Amino acid sequence: MVPLARVVPLVALLSLNAFAQGFRDPSPESAPPERKSRLRAGFTVGAGSVFGNFNNFILSAGAIFNVSARLGIQIGKPFALMLQTMPNLYVLVPPGGATATGVGINNAILAELTLGDRLQLGAGPSIDYLGGAGCNSTGCYSAEGVGFGGHFRAALVLGDRNPRNGRRGLSLAVNAHPIFLPNRTLFVATFGVGAEWF
């Protein structure tokens, strides 16, 4: 028969060991596996400048206001493929005091790389619609059309960093977008604030 004096310390030691195990981080084997792909989304409200020509308005410059929405698939931690749509309202101010106003919408397919859960870099082709009207010293004009463009995006995300359950946060983004249409070539640069779920 084992003496009681030996049993009590042994039971106490095993109990302390079990209690300590409860405060240890789970081993990699017991942690939930990271999802290889998941749905991701985001939006941005932005404003900036637009440069280019619009029919007879050569070397125009002006302001642009837009809202963009993104929806796509996050592939592991670093990579994503997204569809981004961006409605625009712009005002061109060419030399001579004339103005041209218009609307547009950009639809881009973006490939994006996320570095350190914070920095997002994306680029891709775009199909764009642009329409507007204005007047200068020679008369008034209106035009619209569909053409091609490209979108470039860099964003800093401030928020949660939990890749196992997805990441989310406030985003501060810089966007550049050239638009190429017949008789109209514009370059748009904007800064925006929004949110990302990825």
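Me: Taking buried to mean under 20% relative accessible area and exposed to mean over 50%, is Ser126 buried or exposed in this predicted model?
Reply: Ser126 is found in strand S5, which covers residues 119–136. Its relative accessible area is 2%, and the limit for a buried residue is under 20%. Ser126 therefore counts as buried.

Me: Which residue's side chain is joined to that of Ser126 by a polar contact of 2.5 Å?
Reply: Beyond four places in sequence, Ser126 touches several residues, including Asn106, Phe148 and His177. The polar contact of 2.5 Å, however, runs between side chains and joins Ser126 to Asp128.

Me: Which residues are joined into one network by salt bridges that share partners?
Reply: A search of the whole structure finds 6 salt bridges. In one of them Arg70 pairs with Glu196, the closest N and O atoms being 2.4 Å apart, and this pair links strand S2 to strand S8 across 126 residues. The side chain of Glu196 also meets that of Arg153 in a salt bridge of 2.8 Å, N to O, with Arg153 in strand S6 and 43 residues away in sequence. Through such shared partners the network comprises Arg40, Arg70, Glu112, Arg153 and Glu196.

Me: What is the relative accessible area of Glu196?
Reply: Two of the salt-bridge partners of Glu196 are Arg70 and Arg153. Arg70 counts as buried because its relative accessibility is 3%, and Arg153 is likewise buried, with a relative accessible area of 3%. Glu196 is also buried, and its relative accessible area is 0%.

Me: How many residues apart in sequence are the parts tied together by Asp117 and Arg167?
Reply: Asp117 forms a salt bridge with Arg167, in which the closest N and O atoms are 2.5 Å apart. Asp117 lies in the loop between strands S4 and S5 and Arg167 in the loop between S6 and S7, so the pair ties together parts of the chain whose separation in sequence is 50 residues.

Me: Which element gives the most residues to the nonpolar patch on the surface?
Reply: The patch is formed by Leu156, Leu158, Leu170, Leu172, Val174, Phe191 and Val193, with about 560 Å² of accessible area together. Strands S6, S7 and S8 are the elements that give two or more residues to this patch. Among its members, Leu156 is found in strand S6 and counts as partly exposed because its relative accessibility is 38%. The element that gives the most, with 3 residues, is S7.

Terms used:
Residues are numbered from 1 along each chain as its sequence is written. This is a predicted model: local features need pLDDT of at least 70, side-chain atom pairs count only at pLDDT 80 or more; totals for chains, interfaces and linings use all residues. Side-chain values use heavy atoms; hydrogens and water are left out. Patches are made of residues with over 30% relative accessible area and no salt bridge: like charges are joined within 9 Å, nonpolar side chains (Val, Leu, Ile, Met, Phe, Trp, Tyr) within 5 Å. Accessible areas come from the Shrake-Rupley method with a 1.4 Å probe; for residues, only the protein chains shown count as cover. A salt bridge is a side-chain nitrogen of Lys or Arg within 4 Å of a carboxyl oxygen of Asp or Glu. Helices (H or I, at least four residues) and strands (E, at least two) are DSSP runs, numbered from the N terminus. Buried means under 20% relative accessible area, exposed over 50%, partly exposed in between (1.4 Å probe, protein chains only). A polar contact is a pair of N or O atoms within 3.5 Å; within protein, one must be able to donate a hydrogen and the other to accept it, and residues adjacent in sequence count only if both atoms are side-chain atoms. Contact means heavy atoms within 4.5 Å.
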